[in-house]
Every structure is written in structure tokens, then in C-alpha cells.
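Visitor: I am new to this structure. Would you please explain the terms used to describe it?

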Amino acid sequence: MLSFRRSSGPPGHRQPADRAVRVGLITGASSGIGAAIAQRLADQGGWRLALCGRDRDRLDKIAARTGGLALRADLTEPGAPAALVAAAAPAPDRIGLLVAAAGVGWAGPLCTMPAEAVDRLLTVDLAATIHIVRLVLPSMLALGEGHIVLIGSIAGTLGVRNEAVYSAAKGALGVFADALRQEVHGSGVRISHVLPGVIDTPFFRRRGAPYTRSWPRPLPPDRVAEAVCRAVALDREQVVYVPGWLRLPGLVRSAAPGLYQRLAVRFG
Ligand SMILES: NC(=O)c1ccc[n+]([C@@H]2O[C@H](COP(=O)([O-])OP(=O)(O)OC[C@H]3O[C@@H](n4cnc5c(N)ncnc54)[C@H](OP(=O)(O)O)[C@@H]3O)[C@@H](O)[C@H]2O)c1
């Protein structure tokens, strides 16, 4: 069930009701990376934000801070992507920016992963995002502009032990981004793929397995928000690793897969 609430928000973000405005729809906006992106986009200005999450209190607070429209939705529910897109941009408004940041993790051996957890993860991290993209894309193509930013993960490039389903979902999201970029090439619509490493958010606690490595150190979510907002402000599609050096293990994996596998088994 989708519910929405408009915050009174900062006056600068108000728009006349009868004028078409560009909406920036952010999923996963109630926490962590999505919330940081919402804040940066609000500070940057130029978007009427539509913010999706499940937790009403957190979502309302972020909506109040950013002047956004709080759209409470559980993306695992059938029909939620369509209801979300319809509520985010009632005519004559239109979605000019989609940032798909909603995601859940799960850590542990595959055989111990409950079937419902597999379904939930694949739905939130992959299927719902694809549905939302499918729904916002036609009007972007018709207008010849728009930016879709998919929040992937380094796990989708490398494949992380005990995160097989999460790695698969994020890997598929990356291939989806690559294919879609080719499909819309020349249309004016940009497809960006942002791949964070370890980011200091409630993600690890919520997946039931805290981050325990001493290296790499978790980065603040604003580092990801900065990369997203730069791509949007430049109106340039990008594949961005946060931090940038995380591109290197993927290059090793492509250039020397045997060596990479041995290192991955040895060091995880
Ligand atoms: N943190 C990291 O180290 C890291 C690294 C690489 C990639 N990522 C990716 O970054 C994205 C954001 O993660 P985060 O670190 O910011 O985690 P987070 O703080 O746990 O935020 C996850 C967001 O997804 C939303 N969400 C989860 N299940 C949902 C559902 N069924 N329906 C609608 N929304 C749902 C949450 O909403 P509620 O809070 O309202 O439930 C929340 O807004 C995810 O795609 C994650 O895979 C994170």
C-alpha cells in the first residue's frame, strides 16, 4: 500500500501548481545513501524531490529537511513500482531524474538463506528497480532528456563470499545499466551506474551481519551522494566507483581471472 505526504519544506523548493516541474525520484531515500543523495540534491536545487522509503518517521524527517514529497512504499508489494511512479509525478509533472538506491543485503552461506530472503533481495535490489526504470523511461525518451542513476555495489563486480545473491543482484543491475545505455544511446537520456564499496550506513546491521573488517574503512554516505550529484550536475552518464581505486580489483578479475579467484579464495 503506497501512501504519500508532502512536506511544507523549505520555501525555495515550492513550485507553482499549474507548471510542469522536473521531479527527482529517489528510492531508498529514508536512510543511508539515498538520504544523503536527497540532501545533496536539495542543497543543489533544481529538483522537486519525490522520496521513497518504508519507514514513515525517517522518511517524513528527510522530506521535511529537503522539501520533498514523502512516498511510503514497500517495493516488494505487487504493483508498488507503478503506484510509486504515478504518485511521484502526477501530470503535468514529469520525472527527469531517477536515483534507484533502495536495497537490502543478506550475508551467510547460500544454503542457509531462507527462500523469502532470496525473493525479497532480488525484488528490492533488482526487479523493482527495473520496473521503475521501465516506467519512467518512456517520458524521458519522448522529451529527449533525463538521467537514471542506479546504485550498484562493488559486490556486483567482484562477487563476494557469503553474499552470492546480493552479488548476483548487483551484478545483474550493472549489466542492465550497460545494456540500457546502449539502447538509449543518442536519445538524450543518461544512464549512470554508481558502485559504492563499504559505506557507513545501517545496511550491515539491517542485513544481520555487521561489517567487521579493519580495511577498507567505511566511507560516509555523502561520498556516494557527491558522486551521484556530480554526474547529475554535469548531465553526463558515468560509471563511478566510490572510492575510485575500487575499479582496480575488477580490472584484475577481467585481465587474470585465475589469479583473481585464487586471491579471492585466499583473502575473501
Ligand atoms: N552501505 C554499503 O556499504 C553499500 C555498499 C554498496 C552498495 N550499497 C547499496 O546502496 C543502496 C543504499 O543502501 P544503504 O547503505 O543506504 O542502506 P540502508 O541505510 O539500509 O538504506 C536502504 C534503503 O532501502 C530502502 N528499502 C529497503 N527495503 C525496501 C523495500 N522493500 N521497499 C522500499 N524501500 C526499501 C530502505 O527503506 P526503509 O529504511 O524505510 O526500510 C532504505 O531507505 C543499496 O542499494 C545498497 O545495496 C550499500
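**The ligand and the helices**

Guide: The shell around the ligand consists of 16 nonpolar, 11 polar and six charged residues. Here Ala, Val, Leu, Ile, Met, Phe, Trp, Tyr, Cys and Pro count as nonpolar, Asp, Glu, Lys and Arg as charged, and the others, Gly among them, as polar. The model is predicted: local features need pLDDT of at least 70 and side-chain atom pairs pLDDT 80 or more, while totals for chains, interfaces and linings use all residues. Residues are numbered from 1 along each chain as its sequence is written, and side-chain values use heavy atoms, with hydrogens and water left out.

Visitor: What makes a residue part of the surroundings of the ligand, and which residues come nearest?

Guide: A residue is near a molecule if one of its heavy atoms lies within 4 Å of it. There are 33 residues around the ligand, and Ser30, Ser31, Tyr166, Thr201 and Arg206 come nearest.

Visitor: What makes the pair formed by Ser30 and the ligand a polar contact?

Guide: A polar contact is a pair of N or O atoms within 3.5 Å; within protein, one must be able to donate a hydrogen and the other to accept it, and residues adjacent in sequence count only if both atoms are side-chain atoms. A polar side-chain atom of Ser30 lies 2.6 Å from an oxygen atom of the ligand, so the pair meets the 3.5 Å limit. For Arg58, a side-chain N or O atom is 2.8 Å from a ligand oxygen. In Ile199 a polar backbone atom is 2.8 Å from an oxygen atom of the ligand.

Visitor: How much of the ligand does the protein cover?

Guide: On its own the ligand has 890 Å² of accessible area, and the protein covers 98% of that. Accessible areas come from the Shrake-Rupley method with a 1.4 Å probe; for residues, only the protein chains shown count as cover.

Visitor: Why are α1 and α8 called oblique to each other?

Guide: Helices (H or I, at least four residues) and strands (E, at least two) are DSSP runs, numbered from the N terminus. Axes are lines fitted to C-alpha atoms, for helices over the stretch in contact, and angles run from 0 to 180 degrees between N-to-C directions. The axes of α1 and α8 (residues 221-234) come within 8 Å and cross at roughly 45 degrees. Angles under 35 degrees count as roughly parallel, over 145 as roughly antiparallel, 65 to 115 as roughly perpendicular and the rest as oblique. The two helices α1 and α8 are therefore oblique.
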